[in-house]
Amino acid sequence: MNSNKQTKHLAMPGNILTVEDESAIRDMVKFALERHGLTVHSSGSAPEARQVMATQTVDLAIVDWMLPGGSGLEFVRSLRKDPLYNSLPVIMLTARTDEHDITAGLDAGADDYVTKPFSPRELHSRIKALLRRSHDFHDDPILTRGPLSLDMAAHRLHANGEEVTLGHTEFKLLAFLMKNPDRVYSRTQLLDHVWGPGTFIEERTVDVHILRLRKSLKPYAADKLLATVRGAGYRFTAS
Ligand code: CA
């Protein structure tokens with residue numbers, strides 16, 4: 001089996017989320033970045049962005065400052081408080097050149113900013129720099145259990161050498177369980193470990209994500225590794 005060899009040579013992560021209400025800019029960014037081989041998920045508001053994030057892996061977010069129903073700043077702040085996204089690289093798009101506003105953006109947790117109007121080439125080079133930085137930073141080893149191989153750095157899962165697409169939460173959940181196999185975790189414990197302590201989320205949310213995860217793993221017969229332990233919770237079986 002050379003599935004390890006394959007996963008070690010994965011390209012840099014390249015799933016970009018854009019949060020921008022002006023469709024002309026949204027389309028321009030999508031067109032420009034997809035030409036460079038990046039995958040772009042577009043959204044027009046913070047709630048729409050959250051919907052995308054529930055089902056797609058996101059490696060970097062481009063957030064417009066002025067959004068309908070709340071500023072991009074608030075959205076970035078909410079990401080930074082979220083244990084699933086507190087290290088997600090964020091670039092803010094801003095029409096404001098005022099130094100004070102740019103500082104506010106960086107204080108809110110943005111990693112970089114691009115002032116409108118901007119050239120797609122400039123935006124792309126900023127993205128590349130940020131992705132490289134976060135890629136180098138997370139140099140955890142590749143975790144292999146059974147047919148599954150988890151690359152924490154590239155944020156990718158492979159089953160029998162084939163890439164499996166997972167939502168961000170499902171990825172985090174699986175990563176936690178794969179790192180701690182053969183142990184039963186209650187829903188409350190999983191909420192604490194994966195969503196973060198003090199998160200006000202209903203326990204059945206865990207079941208929903210386990211269900212999604214099993215569905216993604218089923219084609220590889222790897223769903224059986226995720227066992228439901230009656231009255232207790234869930235367990236990942238290492239073999
Ligand atoms: Ca806007």
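User: Is D64 buried or exposed, and how should its relative accessibility be read?

Analyst: The general idea is that a residue under 20% relative accessible area is classed as buried. In this predicted model, D64 has a relative accessibility of 3%, and therefore counts as buried.

User: Which residues coordinate the calcium ion, and through which atoms?

Analyst: One reads such a site from its donor atoms and then from their spacing along the chain. Here the calcium ion is coordinated by D21 (OD), D64 (OD) and M66 (O), at 2.1 to 2.4 Å, and these donors follow the spacing D-x42-D-x1-M along the chain.

User: Which salt bridge does the side chain of D64 form, and what parts of the chain does the pair tie together?

Analyst: A salt bridge is read from a side-chain nitrogen of Lys or Arg lying within 4 Å of a carboxyl oxygen of Asp or Glu. The side chains of D64 and K116 meet in this way, at 3.0 Å from N to O. Because D64 lies in strand 3 (residues 60-64) and K116 in the loop between strand 5 (112-115) and helix 6 (120-137), the pair ties together parts that are 52 residues apart in sequence. Both D64 and K116 are buried, and they are linked with E20 and E22 in a network of salt bridges.

User: How many salt bridges does a search of the whole structure find?

Analyst: The search finds 13, including one between the side chains of E170 and R212, at 3.7 Å from N to O. That pair links helix 7 (residues 168-179), which holds E170, to helix 9 (residues 204-217), which holds R212, 42 residues apart. E170 counts as buried at 3% relative accessibility, whereas R212 is partly exposed at 34%.

Conventions. Residues numbered from 1 in each chain as written. Predicted model: local features only at pLDDT ≥ 70, side-chain atom pairs only at ≥ 80, totals over all residues. Heavy atoms only, no water. Donors = N, O, S within 2.8 Å, 3.2 Å for Na, K, Ca; no water. Buried < 20%, exposed > 50% of the residue type's maximum accessible area, 1.4 Å probe, protein only. Helix = DSSP H or I, 4+ residues; strand = E, 2+ residues; numbered from the N terminus.
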